[in-house]
Structure formats: C-alpha cells, structure tokens
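Please report on the fold, the packing and the charged pairs of this chain. Keep it brief.

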Amino acid sequence: RPRAGAPGEPLTRSQRASAAGLLEAKKVYLQVIGARHEQVRKYLLPRLPADNQFGLTDNLDEADVALKVTVAAARQGRLALTAHLADANGKAIWPLTPGTSGRQYKGPFKKVIETFSLELAGDLQRLGRQK
C-alpha cells in the first residue's frame with residue numbers, strides 16, 4: 001500500500017482524523033533529544049516555520065501538538081533522525097502511515113534536517129488538498 005498522503009491516495013477514517021488535528025495545529029512544541037540535540041534544535045528552529053505553516057513555541061502548554069525528534073550520531077558528520085508529531089494525548093498524528101511510530105532519516109547533518117522539514121511540509125500540503 002502506498003504511503004498515506006501520497007498524491008491520489010485516499011485517507012482512511014483514522015488518517016482523516018489525524019490529518020484534521022495536524023492541519024489545525026498552529027503552535028508546535030519542539031522536543032529534540034539525543035546526540036547533537038542542541039545543534040539539531042538550533043538548525044530546526046528557523047527552518048521548520050519557514051517550510052511549514054505553523055509557529056514554534058517553547059511552552060508545551062501553549063502548543064497544539066508536539067514535534068518529537070530523536071537524534072543518533074553517526075560517524076563522519078552523519079546522523080540518524082527519527083521524528084513524529086503527537087497530539088495533546090500523546091497519539092502520533094504524523095507520519096500518517098499506519099503502524100509507523102516515526103519517520104527516519106539518515107545522512108549528512110544538513111541534508112537530513114532539510115529533507116525532514118521539506119517532507120513534513122509536503123505532507124501538510126497534500127493533506128490540505130485532500131481535506
């Protein structure tokens with residue numbers, strides 16, 4: 001089955017509910033843990049709002065959803081990043097792929113972060129068109 005949110009791929013009922021929560025989110029709390037977390041957070045802070053339709057907040061109580069990023073260092077300037085968005089109840093609302101707890105990216109530092117941010121933006125745009 002193609003990845004949820006792929007162009008032309010209809011959303012299931014539970015995916016539509018998650019998509020609605022994701023599309024309505026205006027404030028996102030960014031949580032970055034793991035190796036090089038300070039460097040990753042610093043690079044993500046200006047990038048995420050530029051690519052996506054939401055603003056970031058440092059106050060979890062103000063946030064509509066939480067973006068949880070886990071970073072594992074790899075050798076020679078490479079890293080592995082796993083990310084997901086969770087609603088107020090802790091339920092993953094992105095990625096929308098059933099049975100997936102997070103989307104994983106591996107590679108050079110800047111490329112990984114850029115790819116992640118652009119994929120999230122692309123998924124949000126596709127969801128908005130399907131809504």
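The report below goes from the overall fold to the core, then to the charged pairs and two single residues.

**Overall fold**

This is a predicted model. The chain has three helices and six strands. Along the sequence they run in the pattern α-β-α-β-β-β-β-β-α. Of the 131 residues, 40% count as buried. The accessible surface is about 7300 Å². Carbon and sulfur atoms hold 50% of that surface. Among contacts with a separation of 6 or more, 63% join residues 24 or more positions apart.

**Nonpolar core**

The largest nonpolar core has 29 residues. Within this core, Val40, Leu44, Leu67, Val69, Leu81, Leu85 and Phe116 touch the most other members. Seven elements each supply at least two residues: helix 1 (13–24), strand 1, helix 2, strand 3 (65–73), strand 4 (78–86), strand 5 (92–94) and helix 3. Helix 3 gives the most, with seven residues.

Take Leu85 as one example. Beyond its neighbours up to four places away in sequence, Leu85 touches Leu22, Val28, Val65, Ala66, Leu67, Lys91, Ala92, Ile93, Trp94 and Leu120.

**Helix 2**

Helix 2 has 15 residues. At 1.5 Å a residue, helix 2 should span 21 Å, and its end C-alpha atoms are 20 Å apart, so the two values agree. Helix 2 also bends, by about 35 degrees at Leu44. A proline, Pro46, follows within four residues of that bend.

Which residues of helix 2 are buried? They are Val40, Leu44 and Leu48. These buried residues pack against strand 1, strand 2, strand 3, strand 4 and helix 3. Val40 and Leu44 also appear among the core members with the most partners.

**Salt bridges**

The structure holds four salt bridges. Side chains of opposite charge can pair when their charged atoms come close. Three of the bridges are set out here.

| Pair | Closest N to O distance |
|---|---|
| Arg103 and Glu119 | 3.2 Å |
| Arg103 and Asp123 | 2.9 Å |
| Arg126 and Asp123 | 2.5 Å |

Arg103, Glu119, Asp123 and Arg126 are linked in a network of salt bridges.

Start with the bridge of Arg103 and Glu119, at 3.2 Å from N to O. The pair links distant parts of the chain, with Arg103 in strand 6 (residues 103–108) and Glu119 in helix 3 (residues 109–130), 16 residues apart. Is Arg103 buried or exposed? Arg103 counts as buried because its relative accessibility is 10%, and the cut-off is under 20%. Glu119 reaches 28% and therefore counts as partly exposed.

Next comes the bridge of Asp123 with Arg103, at 2.9 Å. Asp123 lies in helix 3 and Arg103 in strand 6, so this pair ties together parts that are 20 residues apart in sequence. Asp123 is buried, with a relative accessible area of 5%.

The bridge of Arg126 with Asp123 has its closest N and O atoms 2.5 Å apart. Both residues lie in helix 3, three residues apart, about one turn of the helix. An α-helix has 3.6 residues a turn, so residues three or four places apart point the same way. Both Arg126 and Asp123 are buried.

**Two single residues**

Where is Asn52 found? Asn52 sits in the loop between helix 2 (37–51) and strand 2 (55–57). Asn52 is buried, at 8% relative accessible area. Leaving aside its neighbours within four places in sequence, Asn52 is in contact with Ser117, Leu120, Ala121 and Leu124.

Tyr29 lies in strand 1 (residues 27–34). With a relative accessible area of 22%, Tyr29 is partly exposed, because buried means under 20%. Not counting residues up to four places away in sequence, Tyr29 touches Thr57, Asp58, Asn59, Leu60, Ala63, Val65, Ala66 and Leu67. Tyr29 and Asp58 are 29 residues apart in sequence, yet their C-alpha atoms are 6.0 Å apart in space.

Notes. Residues numbered from 1 in each chain as written. Predicted model: local features only at pLDDT ≥ 70, side-chain atom pairs only at ≥ 80, totals over all residues. Heavy atoms only, no water. Salt bridge = Lys/Arg side-chain N within 4 Å of Asp/Glu carboxyl O. Buried < 20%, exposed > 50% of the residue type's maximum accessible area, 1.4 Å probe, protein only. Contact = heavy atoms within 4.5 Å. Core = buried A, V, L, I, M, F, W, Y, C linked by side-chain atoms within 4.5 Å. Expected span 1.5 Å × (residues − 1). Bend = angle between axes of the 7 residues up to and from the residue. Areas by Shrake-Rupley, 256 points an atom, 1.4 Å probe, with all protein chains shown as cover.
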